[in-house]
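Let's take a walk through this model, starting with a pair of helices and ending with a pocket.

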Amino acid sequence: MARIPQKWLVVISVLLGTFTVILNNSMLNPAVPHLMEVFDSGAVATGWVITIFMVVMGMTMPLTGYLGDKFGKKQLFMVGLAIFLTGSVLGSMSWDLSSLIFFRGLQGVGGGIMMPLSLALIFEVFPKGERGLATGVWGIAAMMAPTIGPTLGGFIIEFGTWEWLFLCNLPTGILGLAFSWRYLRQTKKVDDIRFDLPGFLTVTAGVGAILFALGRMNELAQLYNPVNLSLVAVGLALLVLFTRIELKSPQPLLDLSVFQARAYTYSVVVAMISSIMLFSGIFLIPLLIQNVYGLGAVMTGLAFLPAALLSGIFMTVGGRMLDKIGPALPVTAGLSIMAVGTAVLGFMQLETAVWIVIAVNAVRGIGMGLAQMPATTAGMNAIPEKFVSRGSAMNNVFRQMSSAFGIVFVSIYFEVRRGQIMAVNGSTLEQASLTAINEGFLIVAVLGFLSIPAGILLGREHRRQQRQS
């Protein structure tokens, strides 16, 4: 390791931890039906294995800025990874569904601590002009893990036992812990820092209530459920109250003044819409391949691999472009490619060869790689260095909520629209499913096209800041 520069060893350290967290979560998605059999439980109850992680992770993220300043980012990152690994070991020993859900929540605490700190730790060791490539390399983990995970999870369920869904975290996780201990730099602790208890209570309860409701909305009936609607309303009210508290607090939990940096605001918009487009595809493409074309789960997982590979490659390309010419070209080009690719997926036919779906999704991967990390990095570069960990936490919270919203929207739209088509037109199940999937992709594509101006404005703001510096 002596020949590898110290700063790149930091990237490797956080990449190992991040990859472990995201891979594990995506591996469990195809395993829900199997876990229903193992624990003799229903779909709704077993779905909490996925939902609890999302909710707890979203509630933990706002804390990372304060805790990182209080105890040091290196120490906190290692604690988060250790908590996640502990949850993994205990999860493999689960004796019933309730214990499994509890240990998944423990994993969510660890993941919520780690994810915002990853960017902050990288920013500590890279100057602004080199952060694009560094975050592009780190982003490979964030983009490839969600697409590799379902394939790996499918293989484990088919050829192994469910316990390995948790135990397979240990090699990369322990390696990440060792690298973090050896290569992460100690960061300065902030003296005389006070904990913003009102801000903590309102933001965690608000984010938790919204994510909790979104996690329950997996069918049309849940959309009108009074409990879910109440949770969303209460969550939004608490976030409004949180905003008022933070604007008056002398030491806010999340300093909302970062939104005064327009580049950061535009980057959050790009991150949210990109997340909706990514996770809408992750939901709809398996339906297209399995429900319409009648192929298996393993083939579905393999169909995502070209997109994952190209996304990883073009993240580094986008990072280099950001460092050399700024975010305008990679972000706007990436958003345009994603929007066009998503629109093309809205015109599939029953006769369309599956390789065409795979190829178009791979093109979407190129766009995702070009747009997402350069936008996030440019936005983070625009805020003061002392707010980086808190800005990263807010970016991750918005990304988490938009991902959940994207899945809820396309899942309910698919269910409702497919039923309407079959009732009105008398179409076959395959044709009705295809029509609903196509329309879902077209709606998401419109959202993608609407996000392109945010990339253009991000580029303009970046150039303005460059002229002033």
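A quick definition before we look: a crossing is left-handed if the near helix is turned anticlockwise from the far one by less than a right angle, and right-handed if clockwise. Keep in mind, too, that this is a predicted model.

Now find helix α13, residues 262-292, and helix α16, residues 328-344. Their axes sit 11 Å apart, and the two helices pack at an angle of about 25°. Angles under 35 degrees count as roughly parallel, so α13 is roughly parallel to α16. As for handedness, α13 passes α16 in a left-handed crossing.

Which residues make the contact? From α13 come V270, S274 and M277, while α16 brings V331, L335, M338, A339 and T342. Sorted by class, that contact between α13 and α16 has 6 nonpolar residues and 2 polar ones, with no charged residues.

On to the pocket. The second largest pocket has a volume of about 580 Å³. It is lined by 26 residues, and those closest to its centre are I210, L236, L239, F398 and M401. We meet α13 again here: along with α10 (197-216), α12 (226-248) and α18 (388-425), α13 gives two or more residues to the lining of this second largest pocket. Which element has the largest share of that lining? That would be α18, with 9 residues.

And what is the lining of the second largest pocket like by class? Its residues divide into 24 nonpolar and 2 polar, and once more there are no charged ones.

How values were computed. Residues numbered from 1 in each chain as written. Predicted model: local features only at pLDDT ≥ 70, side-chain atom pairs only at ≥ 80, totals over all residues. Heavy atoms only, no water. Axes fitted to C-alpha atoms, helices over the stretch in contact; angles between N-to-C directions. Helix = DSSP H or I, 4+ residues; strand = E, 2+ residues; numbered from the N terminus. Parallel < 35°, antiparallel > 145°, perpendicular 65-115°, else oblique. Contact = heavy atoms within 4.5 Å. Nonpolar A, V, L, I, M, F, W, Y, C, P; charged D, E, K, R; others polar. 1 Å grid on protein atoms, 1.4 Å probe; cavity = no way out; pocket = protein on both sides within 12 Å on 5 of 7 lines; lining within 4 Å. Points joined across faces, edges and corners; volume = space filled by probe spheres on them.
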